Amino acid sequence: MQSQNRVGSKQKSTVVITDELVNKYAAVTGDDNPLHLDEEYASETMFEERIAHGMLPMGIVSSTLAEFEGTIVYLSQDAQFLNPISIGSEVEVCCTILKQLDDNKYKVETSVCDADTAQEYISGTAVILIQ
């Protein structure tokens with residue numbers, strides 16, 4: 001199975017960050033920061049509107065990594081949060097294998113961008129184990 005996973009291999013997924021998704025994420029994680037849930041509160045912040053939890057799209061990164069062939073174990077992630085994600089945004093998650101570290105480990109570029117404008121929201125690298 002691993003033969004399909006090589007440097008340059010890519011996986012992508014696209015998701016709309018809906019109000020329902022943000023509310024479900026808040027319920028599951030217990031992160032009820034009003035910046036994400038309260039429009040009136042959020043309108044008075046530097047963002048001027050509600051924004052998605054930063055880690056919500058990282059969960060989509062995880063599921064996108066799992067699309068590589070084989071059994072995927074997510075070992076580590078470095079991420080820079082570059083721009084806020086507005087509720088209603090359609091995001092595209094891209095994962096590209098950059099380097100094979102050893103027989104089973106790979107370094108992967110991860111990015112979360114606006115599906116329409118290509119504005120980058122999150123940039124990083126992950127290390128995955130593929131069995």
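In this presentation a residue is called buried when its relative accessible area is under 20%, exposed when it is over 50%, and partly exposed in between, using a 1.4 Å probe and protein chains only. By that rule C95, at 0% relative accessibility, counts as buried.

Good morning, colleagues. The model under discussion is a predicted one, in which local features need pLDDT of at least 70 and side-chain atom pairs count only at pLDDT 80 or more, while totals for chains, interfaces and linings use all residues. Residues are numbered from 1 along each chain as its sequence is written, and side-chain values use heavy atoms, with hydrogens and water left out.

I begin with the sheet. Helices (H or I, at least four residues) and strands (E, at least two) are DSSP runs numbered from the N terminus, and two strands pair if DSSP finds at least two bridges between them. On these terms the model has an open sheet of five strands, in the order 1-3-4-5-2, with antiparallel pairing. Strand 1 and strand 2 stand at the edges with a single partner strand each, so one side of each has no neighbour in the sheet. From one strand to the next the twist averages 20 degrees; here axes are lines fitted to C-alpha atoms, for helices over the stretch in contact, and angles run from 0 to 180 degrees between N-to-C directions.

Which strands pair with strand 5? Strand 2 pairs with strand 5 in the antiparallel sense over nine bridges, and strand 4 and strand 5 also pair in the antiparallel sense over nine bridges. In the first of these pairings, I72 has I130 of strand 5 as its bridge partner. On the strand 4 side, K105 stands opposite L129, and V108 has A126 as its bridge partner in strand 5. Eight of the eleven residues of strand 5 are buried, so the strand is largely enclosed by the rest of the structure.

The hairpin of strand 4 and strand 5 has five residues between the strands, and within it A118 takes a positive phi near 70 degrees. A118 is exposed, at 54% relative accessibility. A second such residue is E48, whose phi is near 65 degrees, again positive in a residue other than glycine. E48 is placed in the loop between helix 3 and helix 4 and is exposed, with a relative accessible area of 60%. As background, most residues other than glycine have a negative phi.

I turn next to helix 4. Seven of the ten residues of this helix, residues 56-65, are buried, so helix 4 is largely enclosed by the rest of the structure. The buried residues are L56, P57, M58, I60, V61, T64 and L65. What covers them? The cover includes helix 1 (19-29) along with strand 1 (10-16), strand 2 (72-81), strand 3 (90-100), strand 4 (105-114) and strand 5 (120-130). Helix 4 lies across strands 1, 2, 3, 4 and 5, and runs at about 145 degrees to strand 2.

This brings us to the nonpolar core, defined as a set of buried Ala, Val, Leu, Ile, Met, Phe, Trp, Tyr and Cys residues joined through side-chain atoms within 4.5 Å. The largest such core has 23 residues, and those with the most contacts inside it are I17, L65, F68, V108, V112 and I128. Helix 4, strand 3, strand 4 and strand 5 are the elements that give two or more residues to this core. Taking contact to mean heavy atoms within 4.5 Å, and leaving aside neighbours within four places in sequence, I17 touches residues including L56, I60, I85 and V91.

How many salt bridges are there? The count comes to two, a salt bridge being a side-chain nitrogen of Lys or Arg within 4 Å of a carboxyl oxygen of Asp or Glu. D19 forms one with R50, the closest N and O atoms being 2.7 Å apart. D19 lies in helix 1 and R50 in the loop between helix 3 (39-43) and helix 4, so the pair ties together parts 31 residues apart in sequence. D19 is partly exposed at 36% relative accessibility, whereas R50 is buried at 10%. The other joins K24 to E20, with the closest N and O atoms 3.2 Å apart. K24 and E20 are four residues apart in helix 1, and are thus separated by about one helical turn.

Finally, the cysteines. A disulfide is a pair of cysteine sulfur atoms within 2.5 Å, and a search of the whole structure finds zero. For C95 the closest cysteine sulfur, in C94, is 7.5 Å away, too far for a bond. For C113 the closest is also in C94, at 5.8 Å, again too far for a bond. C113 is buried, with a relative accessible area of 14%.
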